[in-house]
Amino acid sequence: MNARIPTDLSSSLKAEEDSNHSDNPSFDTVLAARLSRRGLLRGGAGTVGTVVLGGMGLTACGGGDDPAPTTPPAPGTPTETLLGFGAVAKSLADMVVVPAGYTASVLYALGDPLNAGTAAYKNDGTDTGFENRAGDHHDGMEWFGLDAAGKASATATARGLLAMNHEATTDELRSSFFLHANGGTTTLPRPAAEVDKETAIHGVSIVEVQQAAGKWTTVQNSAFNHRLTCLSDNIQLNGPARGNALMVTKYSTTGVQTRGTLNNCGTGKTPWGSFVTGEENWAGYFTRASTDDTARGGATAKSVVSLKRYGRNAGSRSRHGWETGGADDKYARWNVGQSGASLDGSDDYRNELNTFGYIVEMDAYDKTQMPRKRTALGRFAHESAAFGKPVVGQPLAVYMGDDSRGEYIYKFVSTKTWVAADANPANRITTGDSYLDAGKLYVAKFASDGSGSWVELAMSNPLISGYATYAFADQADVLVNARLAADAVGATKMDRPEWCSTNVNNGEIYFTLTNNSNRAIDSASMPPDSANPRVYEDTKGASTSKGNVNGHILRVKEGAAGNAALVFTWDVYVFGAESGAAAGSVNLSSLTSDQDFSSPDGLAFSPSTGILWIQTDDGAYTDVTNCMMLAALPGTVGDGAKKTLSYTKADTTTLSVDTYVGQAPTADKLKRFLVGPKSCEITGMCETPDGKAMFINIQHPGETTAMADIADPTKYASQWPSNAGYGAGKRPRSATIVITKTDGGRIGS
Ligand code: FEO
Ligand code: CA
Ligand code: CA
């Protein structure tokens, strides 16, 4: 996500990340469970030594009576030494740094043309026609191979399509200032011409790429090239909420479609070869009048409860003011206030927010197939969608996170069982209909003994059908208001679930939990718990951050039923930390200076090498290093040990938290591979099937630039990629880079 929060929007935007005020579960509940169940799974409690950590009222102690570590499986079928490269040092340089023996080249940047008739990007704020150019803030990305005849290919390595998200724009006071000649208009109304540019740079790109004589380029005139924006017509609403009363808008009075996809963050690839993209911080783009609670029937009206839970309180301002662009419906739709006289919402956009927040499926190879918003997978701030390993005759599982503070981890289990022939279907999008429109949605509860359970979100659960806060009407209502249903069943509040990915070696699922400033020792609703056990302070210059500042990566091993399992075990693969941080309470994974990182976000296992690639979107360690990507060869759930953290509460009582720390990664199992330019995040990862070309995205370089400095490039926080010799102008641009190895080997060896 874009970590920059403009000052005047901070309250409304932060609310997007912070709208879980449900009271489940308090630490007392977790502690009681621990006391009654401890030792069942992991052996007895560990209490070896206690270290008093000055200034934080925090003590830590560790235990070592857990089972011996198991030997991790060999990753993939390597023909070389994986992680054989020299670790890249932390860097504050305005450039992409990769290990010796590797090359990183800029391939596809904001504004690059996607058809023959579109001019090269001038990058001075005068460019238009973004519907036929690369969008902004490149994010999640997947590879779709093409053979020489231009047909889909699972083995092609020199020609393919990149399908990628364009999450957002670098903005200040409403304006995406690098897109406009003088920085644009920060007051309302916003000029239509500025709004039209800003809406067009959101969405998704499909761009053809090819390699010839060792050099990768985009194919400007490819017939596959394609953009979706947040105003694209006829996006289908599929699954149980299709046609539901909650989906009725002036645009679709039958509630079956909507315009566009928005704030697309993580991605995924289905077992049948289509692209899925998650809609993340969509709520912040919509405005809602301060009088709208009254218009809807008061604070207890269902729609008001729902809007608040999804971060749109009455009086919420929109991020860009797009609703002020003019009288046309394409502007009006950004105001979700109830203004019409109808009873069903068919004459305004009061229900528009219900049409965002989904996993959206599209066929990267076929732009004539209308994308589908898969409502069966629930509505929240989606990141990536990771499929469990498909097994013939068993249902498919899709793992997902909801990236806001204290939100949840979910799993969808398909009704249809996997059919091997569907790996190469005649029609990918209707195959998607058959797997992703019917099934069960579950939310995760993590127990303090290292076990966990998936709780179905269904009307058959009395906790849901009888929920006092919100009277669910039907299963569609449960899915559209999945956060409320998950509150009702007491799901575990997590430290901002970002991407997830399935370990290609053993099927375990990894989740990045990027950070959480709301995690606090004395918090009633979000004290440290076993799955989110750390609360500490981190200094950056003169400022101090509190909570779980650096994030962690949690992993789940499903029970015997595999994709359909209702129980699992878990541990924390690695805790993000500065290498110099306190070993007993913060740097729990003993990270060295070649391994330390903060705020993991993007996460992907390579299908080729089995390497786990970890990408950061950080604001805490950026006084020392720009954001980065690390390569890892993780073991398995349970390969480490139990650790008990003890905190002293304000009332001087002790709060003890058992957690499970994966085996500390040695120098040959976790290593920094890349550091990006200034003020960027690293996100999105895909490869050619041979693992010899890797594509990643550099998002929002220079995002800390002040809009007032737009005319003075020497004051830009970054001039990348122009300073790497790519393109005109000096304004920083989000871009895709391709990484190759000089000796032709696989990436990460
Ligand atoms: Fe778009 Fe949660 O990062
Ligand atoms: Ca992200
Ligand atoms: Ca620090």
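**The calcium site and the nonpolar cores**

In this predicted model, the calcium ion (ligand 2) is held by protein donors from C265 (SG), E383 (OE), E498 (OE) and D601, the last of these listed with two OD atoms, at 2.4 to 3.0 Å from the ion. The site of the calcium ion (ligand 2) is irregular, with its six donor atoms making angles of 49 to 159°. Along the sequence, the donor residues follow the spacing C-x117-E-x114-E-x102-D. One pair among them, C265 and E498, links distant parts of the chain: C265 sits in strand β11 (residues 264-269) and E498 in strand β20 (residues 497-502), 233 residues apart. Both C265 and E498 are buried.

From the ion, the description turns to the nonpolar interior. In soluble globular proteins, nonpolar side chains tend to be buried together. Here the largest nonpolar core has 52 residues, and L262, M400, Y410, V443 and L457 have the most contacts inside it. Elements giving two or more residues to this core include the strands β15 (382-387), β16 (395-402), β17 (409-417) and β18 (439-446), along with helices such as α5 (302-309) and α7 (428-436). Helix α10 gives the most, with five residues. For a closer look at one member, V443 touches Y408, I409, Y410, S453, W454, V455, L457, A486, V489 and A491, leaving aside residues up to four places away in sequence. Another core, of 30 residues, lies apart from the largest one, and I409, F446, V535 and L655 are among its members.

Helix α3 (residues 192-200) completes the picture. Its residues E194, V195, K197, E198, T199 and A200 are buried, and the buried residues of α3 pack against β8 (226-228) and α6 (329-332).

Notes. Residues are numbered from 1 along each chain as its sequence is written. Chains are lettered from A and ligands numbered from 1 in the order in which they are written. This is a predicted model: local features need pLDDT of at least 70, side-chain atom pairs count only at pLDDT 80 or more; totals for chains, interfaces and linings use all residues. Side-chain values use heavy atoms; hydrogens and water are left out. Donors are N, O and S atoms within 2.8 Å of the metal (3.2 Å for Na, K and Ca); water is not among the atoms, so sites may look incomplete. Four donors count as tetrahedral if all angles lie between 85 and 135 degrees; four count as square planar and six as octahedral if opposite donors are over 155 degrees apart and all others between 65 and 115; anything else is irregular. Helices (H or I, at least four residues) and strands (E, at least two) are DSSP runs, numbered from the N terminus. Buried means under 20% relative accessible area, exposed over 50%, partly exposed in between (1.4 Å probe, protein chains only). Contact means heavy atoms within 4.5 Å. A nonpolar core is a set of buried Ala, Val, Leu, Ile, Met, Phe, Trp, Tyr and Cys residues joined through side-chain atoms within 4.5 Å.
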